[in-house]
Every structure is written in structure tokens, then in C-alpha cells.
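Visitor: Please take a close look at one single part of this structure. I would like to see its surroundings as well.

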Amino acid sequence: MKQKSLLILAFCITTALHSFSQNITISGSITDGRNGEDLFGASVIVSDMSNTGARTNIYGFYSLSIPAGKHQLIYRNSGFEEQVLDLTFTQDTLINLELFLSKEIQELEEVEITSKRTNENITSAQMEVTRLDPQSIKTIPILFGEQDVMKTLQLTPGVKGGGEGSTGFYVRGGGADQNLILLDESTVYNASHLLGFFSVFNSDAIKDVSLYKSGIPAEYGGRASSVMDVRMRDGNNKNFAASGGIGLISSRLTLEGPIVKDKSSFIISGRRSYADLFLVFAPDEDIRDAKLFFYDLNAKVNYKISDKDRIYISGYFGRDKFAVNEDFGFNWGNKTGTLRWNHLYNDKLFVNTSFIYSSFDYEFSIGQGEDGFGIRSSIRDFNLKQDYSYFLNSNNSLKFGFNGIHHTFEPGVLESGANIGFNQINLPKRHALEIGGYLQNEQTVGNRWAFMYGLRYSGFNYMGTGTAYEFAENGEVLSEKTYDSWESIKYYQGFEPRLSASFIINESNSIKAGYNRIFQYIHQLSNATTSSPTDVWVPTSNNVKPQIGDQLALGYYKNFKKDEYQVSVETYYKWLQNQIDYKPNANLLLNSQIERELVYGEGRAYGVEFQIKKTKGKLTGWFNYTLSRALRSFEDIDGGTEFSARQDRIHDLNLVLTYDINKKLVVSTSFVYYTGDAVTFPSALYEMDGYEVPYVGKRNANRLPDYHRLDLGLTWYLKERKNYKHNLSFSIYNVYNRENAFSIRFVDDFEDNQTGQTQAVQTALFKIIPSITYNFNFK
Amino acid sequence: MKNIFYISILFLLATTSCQKVIDLKVDDAEPKMVIEAKYDVIKQEVFVKLSKTISVFSADNYPQINSATVEITDANGVTTLLSNQGDGTYLLENYVPIFGSQYKIRINVAGDIYEASDDLVNVVPLDSLNAEFQEESPFSEEGYVIFMNATDPVGPNFYRAIRKVNGEYKREIRDQFLFDDSFSEGNTQSVPIFTELYQVDDTVSIELISYSKKSYTYFQELQDIASGSGASAAPANPTSNWSKEALGHFTVFGYDTKTIIIKE
């Protein structure tokens, strides 16, 4: 950083309303002095008043009420140089402050920066939130050398990956569709690229990722198990900058800079994979001509109209394409767009209004023109949302707001060429309006207690245009009724209490508890056991009830050695109602009465998570172990006997370590171990119609072999030039070449099997995979 | 269609993935009764085979059950006994069909009674076969594709095509070709069979079976499970139409046959 010595605070004081009261309000924003990005979770502490302070919201805004007079304010954000202001306050004051990196950090700029106050894990009321800053995970080794926030989240306690070849994930025994994934407030329906090997989140464009898995704040709703809130960067408003990386199977480039210095900036970031380029080495000419790639683009601009108003426009567009000749094509992708307006009514009341668009669709085509046919399906949302933060006083900060999402589901359209003889199929679109409203207070009581309590109301109106069916036990249609546009078919609603409490034993010990109830109104039906782009989203309807998730969690947190080591134990119990599974041999494709293929049941999950984290020094990282169960029961499956959910991994262990050898070299490693997934295997064989047929045993009564894997990474910072920084990152995935099971087949004709006996044949996706990526940063 | 996703996944992984035989412990089920019964109305033959399940990694043969009495009853209530062949199978020949009626089978194994029924639907005629040359593609070599031309009668119809190539029945699981008229209700249709491509001078016969819905569903579910695609949303045993939870099915079916010799 060139302005190392200029630890200057951009500092402005404006006269606000004259205040007659004893208390005055100090408010403003805290930003990163290097690039003007808002700092989320930075704190302001009044050093002469114990336990008085404030933290910035996601837009970097804070507000604090204190008695008029002389005070010392400390502005603090982990990894940044602390700023101390000694001032006499006589009236409401606006302080916009920039923080710069601390000296130690500046020298070794690429090491971990966590944007948390170092003991925030102890003092905040919120149960443990897993927060990742893409900067902090740069050196963690990952498949194909592409850093990925979703893959890294799967190394944290309570979060389990969907298995190799999947970016779907499970949180505390919940289903893969029970995670609300937001990108700048917009729902991302399918977070995977390239058949699951990458997530849709381009780390270069991301500022911050927060994963809430218990005590979920009332502002979020709609998914029963967790919230993953991803925020895009705003773009550097000081200088133009370019950064990027060139890897073996993908490359990326980010451009950012001010439009109007300190007022307006943009960022645009793109990625393109080219795994298919390797196909030129394939022996078969047609495979050489095949296409298999994804690209995505993140873009965002913001403009500070005044000190009270700021506008953001951000969008994401991504597409995966797979094609063989012109005869077969398959492509899918998400589009999101968010228009936001931050407005400061006064120095205590902050409001954000958002208009959000989100869609996901997939399409495949076989043959072309008259001799071809294609199938497509989509979901599309429009969402209007308003969120208020009211900083009542130094002990209470209120949040309230509302939103309404209009969903349009297009379950499937088949379009066929004239020569094929298929009729055009156009499954009717389905419509719904999902609404929510909430009120929440974060309150400190004395020096030891902090509470966050709130209530959310949610409602779901399944509505026309459409036809509602009523089904008999055997799936026959009993009755049907058509509805006009916006006419309500069925309305569901519910109150969702949210509660978190923390008791601070002392500076380095605390106990926290949380409870939340969440209604989930849209559900993902999966054609397969792993997440795939052809999964279908369906609304709650006259037949499908909303899923309800209740969770109780309790945690103990302790920091050692000036917060260098953080130890936590969290335990939880989760109840899930109205879970969805399928009737035997359910057919989900182009099925206009998909609801009759469904069965409904209950679930529960419980577990205990241990974690130790080292946050400072040359060696950093974490180790965690989770002991947990995830169970389901359905009246129509094995007579209601409770069975393991696929993700019922009893033991789950992760180790992530990063070591700075010197200023040039950083090494890292990660190790993963978990109990194999619960799966259904054949439990006998018989002969029918000339075939040997497996007899399917009890649901998920068997296990895949245990999964384990070790990865290594090395980042080498090359010699810096003026305005140019670059590094090479090497990684080895699956160092000891473990063949982890992707699937197991039972066959009698594998390779040279002469016995005629059935054998279990395991398919593993990845053996050892080395990779190299060149990353650069230009200013 | 769900397989397309798996084709793509396999395509991607063709170069990196690896397979091997592993030792695996499996939860064994108790042996269950297995009954395969069919009435082929073109051959006018009723055939029943009785056996039991064996454990997954067993080297044993399937047990034969020779102690049963098997009888078939038509819609008029006339019951006829099948003759015991002594190898676990039971047979009745020259049994004349009544189309559009229901047949019932009753099996007595040491006092345990197993019953099932199926409907004999009218046979949809196969109008003709034609062959079209297809250039080499990523999924296949060059060769001739055979199209079945038939007029789908109004109302739900369920089909299965069985192929005989140069005098030999194609009986691999991938040769199974079941289809219904949900995409082509009431149309004159030309249905390609992509399973295999043929060369000049090949003789191909197609038997186009017309099934009851129950039989069609059973064979479709059987194909899903027997092809071992672990991709099913809910892997399950085919819905048996036997009482007492016996595995298997009783089907009554007719078919129309056409033959084509591929010419240039």
C-alpha cells in the first residue's frame, strides 16, 4: 500500500438536527481505506463507557447513542489499524471513517484477514455464524486450484458437502434444498457449475459470505435449515485495478475502478472454463468436437447520491453448456439482478429497499429442426423487499422489514419437430406469492447478557392461473378445479419465533443458546441422489404442505492466549415437519401431476460439534469434529420405520492448516474424513423375464465406504513490480490417491469376472489431481 | 431422460474416473417367493416359473419349486390346470384367448395361495417397418435405423418392441424398449429404435407387444431396477401384482410382427 504513512481518516462532521436531549447520536460508515469497500461487522467502541459500542451493518453503516460530552471512540476491525478519536460531542455527529491495514498485515498482504473483532465470537448474541472472506481462503488447497467459498464452507462444522462431484450441501442434517443461498439478496437456485465441480460464486467478485445455521435472524426466511448470504464487492472507488488468474481448466478476470472518485465505482468479473479444450486429444473425432464449459459474469455499480442516499445495481449471469455435434445439447444457468437503494432517514434509522430478480432454467435438445425435440424448465422470481435498521439506543438496535416474492414455475415444455411425432407438451405454469414481515431487537442487558429476539410472519399464496388436483390414495385424480389469474388456490401462513441469547462469563468465555422456527414454501425434487441441474422446484400447494424446521442449539465458547485460540462446542436438535420423498419408481420428468408421486413424513437431526481454531501467528487454521445423526420417517416407506437420511454421516472431521514459511511462501493442507453416506443396496437377487434382478432392501440401510482425503497447497508470491503483484499457486488434490466411492454398482460382468457371481464395483471420480494457477493483481 | 445427465457426467469423467471391485457388507433379506407368469396369446401358451430370492453375493443357483399346483381362470370362470414340467416351471399350450377380458392365476405352494390377474388388451397393428441411413455420430457408428410405423388408437396404449436380428432374439437389458403414447396420443407415429444400427442384408423382425397398463408399468419398473441405474429418485422393487408379497408379475399380452431386410 502506497499510503502506508497516510493513516488518514477521511473525516467529516456535519451538523445534524440540534439536539436538546442529553444523548447524542454518532453515526456514519466505516470503509476499507484501500478501495473504499464497506466494512461489515467493524466496531466502534466507546472506551470510557464499558460495553457500549456498535457494529456496522452489511452496508458499513453504524449508529451509536451516548451522552453528550468528551469521549474516546475506538474504531476497530480485525486486520486493520485501530483508529482512536478523542472528541467532545455536543450534538448529533456524522463520522465516516476509513481504516487501513495494520503494518504487520501490509507487509504480508495476502495472509488471512478476518473481518471479525477477534473476540466477537464471545461477545455477540448471535450464535456462531460461519463467515468467510474470499481473501482468507486463498491459500486453502482445492480441486483444480480454483478457490471456492462453498467448498471451503464444507470444511466447517455442521456443513457437509453433497459428495464428490456436487456443490449441494447439507447443514445439520437438513436437506440440500433447505439452504437459502443469496447473492446480493437474490436467491440462487442452483449453485453449481460444470456438473457440480465448481460453485457459481466467483471469489474475485465476492466480499463476504455468512452462513447462519442456528439462531437464524428474523430478517431471513424461506428455507428450513440454513442461510448462506453472499455479498458481492462494490468495486474499488479509489483506483482502477485488474486482477485475475490463469488455471489449467479455467481462467478469470476482474476489472474495477471509480466512475466518480469516492462516489461511484464499478466491478465486473468474469470466468470461463475450458475443460473441453483437452478433448482435442481425444481419439474420437466427435468427442473432439464436443463442448463442455461454463462461463459467468458478475457486475455491480454503485453511486453515492448524497451522504444519505446510495444506489447499487448488481447482477449475475452464468451458463453451463454441454453439446455434442449439433445433435445433442444441454445447458443451464442462473440469472440474478438486484437494484438497491440505501437511505438514511436520520442518524438512527437506516433503510434499504431492494427490487430483485432471480431465475434458473435448464434446457436440452436432441436432434435439430424437424427431426429434433427439446425440453426446458424454469423458475423465475420477482422480489420487493424493504429492511429497516433502527439504532434505538446503545443497548437496543431494532430491525424490521417486509418482502414479497412472486414465483413463476415452469415445470416443463416439450417442443418437437414435425418428423418426430411427439405432441407438444406444455405443462401449465404455476404461480405463487410468498410474503414475509419481521421485527427483531438486539439488546444488551448489563455487561453480561446479550439477546436477539424477533418474530417473523410468513405467508404463501398458491394461486392461479392454474388447475388444482385432488388425488386419491392410489394416485388417481379425484377432482380438479381451474383458477383464474391471481385467484387464491390455497393460503398458508405461520409465525416464526427467533431467539438467541448469550451470557458472557468473562472476556474470553461465553455460553449461547438459540432457537428458530422457519417455514419453507418451495421444495426441490431431485431426479437423482446427487444434485443435478434437472432438479425440479415445486411450490407448496393444495397437496404439498410447507416444510417446517425447528431448531434448538446451545454452545460454549472459549478463547485462549489473547483470542489466538478459539474453542467452541455447539450442540443442536432439529425437528423437521412435512418432509418430502417419492413413491417407488416416481417419474418426475414432464409429469403434470408430479404431486401424486410424493409422500410426506418427518425428520429429526441432532449432533454435537467441536472446533478449535487458531487465528493468529504463522500457523493458522482449524480442526473440527462432529458427531451427529440425520433421520427421517415416512408412513409410506418401510412402514414408517425411521431410517437414515443420505447425509446421515455419523462422524465428520475436518482439519485445515495454513503456514507462512516466509514472505514468499505459504503452505497449506486440509484433511477430510466422514462416515460413508447412507444408501439403499440390493439385499437379495432373483430372476425375472430372463434378467437377474436386485431386490431392494430397506431404505438407506447400507453405507458407502468411509470418505477421506488429504490435499496440499503451496502459494508462491513472485517478485512484485510497481503496481503489479502476482503469485503461483500449486495444489495437489487427494495426495495419497484414495479412491472414494462416488457410486457402487452390483454386476456380474465386470472386466474378466468368469464366476457369474455378483460383485460390488465402486466408481471413484478423482484420483490424485495436481494443478497450478497463476494469479495476478494490477493497479 | 434423466440418464442424459449421467451420460454427460460419464462423458466428463471418462478420462479421470476409475472402477474397482470392493468388499462390501450387505444387509441380507429373508428369501422371498418369486413368480414369473405369462400368457402369450399369439403362441397361445401359458408359462409359470416359481423360485426364490438368493443372497446378493451367492454362488448358488436359484431354487426351483416343483411342489405347486397352478391354474388359470378366464373371464367366463373356466379354470384350467397347468402341467408341472419338473424344473420349477408349469406350462399350458393351445389356450385360446378372449380379447378385452381378464385372466386370473392361482398358485398353491404347500397351502400358501398366491393370486394375480391381468387384462388382455387388443393388439395394435404394426403397419410397417422402414430403415433410414444415419451418418456416424458421437453415440454410434454409421448404419441403418429402423422405424416402426403404427397408428396409435385413441386412449392410453402401452407398447414394448422386441427385436430379432438375423434370427436371434435381442435379450440384453439395454435392448428393452418400452414406450407409451403419452407424447403421441392418437397420432400416426414413426418410432425409431436407436438401440442398434444395422447394415445392408440384415434381417430384422419386430414384435410390437400391446400391454395392459399394469404390465407396462411392471416391466418399466423392472427395467429401471435391472439396469442398475443408481440414478432413480427412489429405488424400489417393481410393483408386484401377486398376493402375499411374492415378487414378480402375471402378464397377458399379444403382439404384431413385421420383418424387414435392409437394402441399400
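Guide: Here is one loop residue, followed by the domains of its chain. The model is predicted: local features need pLDDT of at least 70, side-chain atom pairs count only at pLDDT 80 or more, and totals for chains, interfaces and linings use all residues. Residues are numbered from 1 along each chain as its sequence is written, while chains are lettered from A and ligands numbered from 1 in the order in which they are written.

Start with S394(A). It sits in the loop between β25 (373-393) and β26 (396-416) of chain A. Strands here are DSSP runs (E, at least two residues), numbered from the N terminus. S394(A) is buried because 20 other C-beta atoms lie within 10 Å; the cut-off is 20 or more, with C-beta atoms placed from the backbone.

Which residues touch S394(A), leaving aside neighbours within four places in sequence? They are T52(A), L64(A), S65(A) and I66(A). Contact means C-beta atoms, placed from the backbone, within 7 Å. S65(A) is 329 residues away along the chain, yet its C-alpha atom is 5.2 Å from that of S394(A).

Now the domains. Chain A is assigned domain 1 (23-107) and domain 2 (231-778), with bounds from an automatic or database assignment. Their centres, taken over C-alpha atoms, are 35 Å apart. Each domain gives 21 residues to the contact. On the domain 1 side, β1 (23-32) and β4 (61-67) each supply at least two residues. The largest share, five residues, comes from β4(A).

How values were computed:
Helices (H or I, at least four residues) and strands (E, at least two) are DSSP runs, numbered from the N terminus. A residue is buried if 20 or more other C-beta atoms lie within 10 Å of its own, exposed if 12 or fewer, and partly exposed in between; C-beta atoms are placed from the backbone. Two residues are in contact if their C-beta atoms, placed from the backbone, lie within 7 Å.
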